[in-house]
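Visitor: Hey, got a minute to walk me through a structure? I'm new to this, so plain words please.
Guide: Sure, let's have a look together.

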Amino acid sequence: MSTAATADASSSGDTTEGSVRLLTLQSEDGEVFEVKETIATQSVTIKGMVDDDCATSTIPVCNVTGRTLAMVIEWWNKHEIGAVSNEKELKEWESQFDTIDDKSDRDDVYDLLMAANYLNIPTLLDCCTSAVAEAIKGKSTDEMREFFDIKSDFDEKEEDALRKENQWAFEN
Amino acid sequence: MTKVRWTVLPRDLLLIIFKKVEDPSDIYRCGTVCVSWKSVATAILSHFILLISYDGGSGCFLFNTKTKGIHNITLPELNHVQFFISSSFGWLLTVDKQYKVCLLNPFTREQIKLPLARYWLRRPRCFRVITSTSPLDPECIVLVKYYSYNKHSVAYCRPGDWNWTVRKLSNWSGSDFIFYKGEFYSIDFYGKLFRICLRRGLVESSLPQLELRDTDVTDLVEVEGNLLLVVRSGCISGDPYPCVVYKLDWFEKQWIRVRSIGNYSILL
């Protein structure tokens, strides 16, 4: 995890490492990360800020925790051009994200999905949505509710009607 | 860790996910999980076109217009019917052995009872069903075209009516029907357009008649508020049917040949 302990968020994030500009990202829970601009601009949202010259101070990444942001940065590092020598190796590395084996995987994918959506990272978004779609396939209504911890918010009458009319959906 | 709440996923994310699920019965089941998932699942399922086999089996399929895949759907309601046929807005019309008529929604499996059809409905020859609006609308008109005793007729009713009203279509040999701008229209095999007046029967339009051949097949389609007439030349074995499309010029009262229907596709 590449955490930089810059507690003072008001200090300028416009530092450089060699000729590469570093951006300072701050997670929702206050963790601060310094990331190469060339990597962080895989996020369309951040790229827009850089292009508009709005990325000169610390960039707050709301709704994304430090834990998730560290995973996102790991994703960026792997997807930087030239970071991984071949496509196969990258796919193998990505495969840890594209299946959901248990509830902790599921929560990670949720966090990454929300982060990918907020930061607009097309590659990560694609991977996470595929993972969720795979998890949905073949599940009955009750299995899905259990898996995703969803409580039915249909009113009693509607739920009853769903149960009666669509038994096949529930029983699979 | 942020609070994980799958019910509040943004709609566009759910849309991407459900599209990747692909199988309509899986997507359908997603729609039974919670209210927000239901609204997205319903939106996607509109990419599917209902196909029905006419061989008397309980065949009912969904054709995915995006992937061109075909998915089978099982409807136990169809086990007890004499025959069924597709109607508008994704509904089916079913007729059981006692001539009880129902509209059935194959996704929600909602059923709407229509009047008995004992006196006029025999074997389904040249049978077509269309509705003016979704059958859930109390003002909906269900129009059935059928052929019996060497005559074409239409029968119509609203859900909740006691009886069907039958109108004979004399001197008519029609092919297709459509509900367009508040009226039912029909085209005959010679390319003549009729308005079906529910009180008086057929009213012939003053549109100049197209010169069609005996083997041509005509269909009416509404695209972006325009009424289109698709003329397919008769079967040349093995080759696809050459099609010519005309658009109705509502004010000039004439058919205008169109070269392109833009980004639309028409399934006949």
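Guide: We'll chat about a sheet, some cysteines, the nonpolar cores and two loop residues, and keep in mind that this is a predicted model.

Visitor: Okay, the sheet in chain B: in what order do the four strands sit?
Guide: The order is S16-S17-S18-S19, in an open sheet with antiparallel pairing.

Visitor: Which strands stand at the edges?
Guide: Those are S16 (217-223) and S19 (254-258) of chain B. Each has a single partner strand, so one side of each has no neighbour in the sheet.

Visitor: And by how many degrees are neighbouring strands turned against each other?
Guide: On average by 30 degrees, ignoring direction.

Visitor: How many bridges are there between S18 and S19 of chain B?
Guide: Five, with S18 covering residues 243-249. B:Asp249, for instance, has B:Gln254 in S19(B) as its bridge partner.

Visitor: What's in the loop between S18 and S19 of chain B?
Guide: B:Lys253 is one residue there. Its phi is near 55 degrees, which is positive although B:Lys253 is not a glycine. Most residues other than glycine have a negative phi.

Visitor: Is B:Lys253 buried or exposed?
Guide: In between: B:Lys253 counts as partly exposed because its relative accessibility is 44%.

Visitor: Where does A:Asp53 lie?
Guide: A:Asp53 is in the chain A loop between helix H2 (44-51) and strand S4 (59-61). A:Asp53 also has a positive phi, near 60 degrees. With a relative accessible area of 58%, A:Asp53 is exposed.

Visitor: New topic. How many disulfides does the structure hold?
Guide: Zero, over all chains. Take A:Cys127: the nearest cysteine sulfur belongs to A:Cys128, 5.4 Å away. A disulfide needs the two sulfurs within 2.5 Å, so that pair doesn't qualify. A:Cys127 is buried, at 7% relative accessibility.

Visitor: What about B:Cys140, buried or exposed?
Guide: Buried, with a relative accessible area of 0%. B:Cys140 is in no disulfide either, and the nearest cysteine sulfur, from B:Cys157, is 8.2 Å away.

Visitor: Last one: which residues touch the most other members of the largest nonpolar core?
Guide: A:Trp76, A:Ile136, A:Phe148, B:Phe18 and B:Trp37, out of 60 residues. Helix H6 (residues 122-136) of chain A gives the largest share, nine residues.

Visitor: What does A:Trp76 touch?
Guide: Leaving out residues up to four places away in sequence, its contacts include A:Leu25, A:Val35, A:Ile46 and A:Leu119. There's also a second, separate core of 20 residues, with B:Ile85 and B:Cys157 among them.

Terms used. Residues are numbered from 1 along each chain as its sequence is written. Chains are lettered from A and ligands numbered from 1 in the order in which they are written. This is a predicted model: local features need pLDDT of at least 70, side-chain atom pairs count only at pLDDT 80 or more; totals for chains, interfaces and linings use all residues. Side-chain values use heavy atoms; hydrogens and water are left out. Two strands pair if DSSP finds at least two bridges between them. Helices (H or I, at least four residues) and strands (E, at least two) are DSSP runs, numbered from the N terminus. Axes are lines fitted to C-alpha atoms, for helices over the stretch in contact, and angles run from 0 to 180 degrees between N-to-C directions. Buried means under 20% relative accessible area, exposed over 50%, partly exposed in between (1.4 Å probe, protein chains only). A nonpolar core is a set of buried Ala, Val, Leu, Ile, Met, Phe, Trp, Tyr and Cys residues joined through side-chain atoms within 4.5 Å. Contact means heavy atoms within 4.5 Å.
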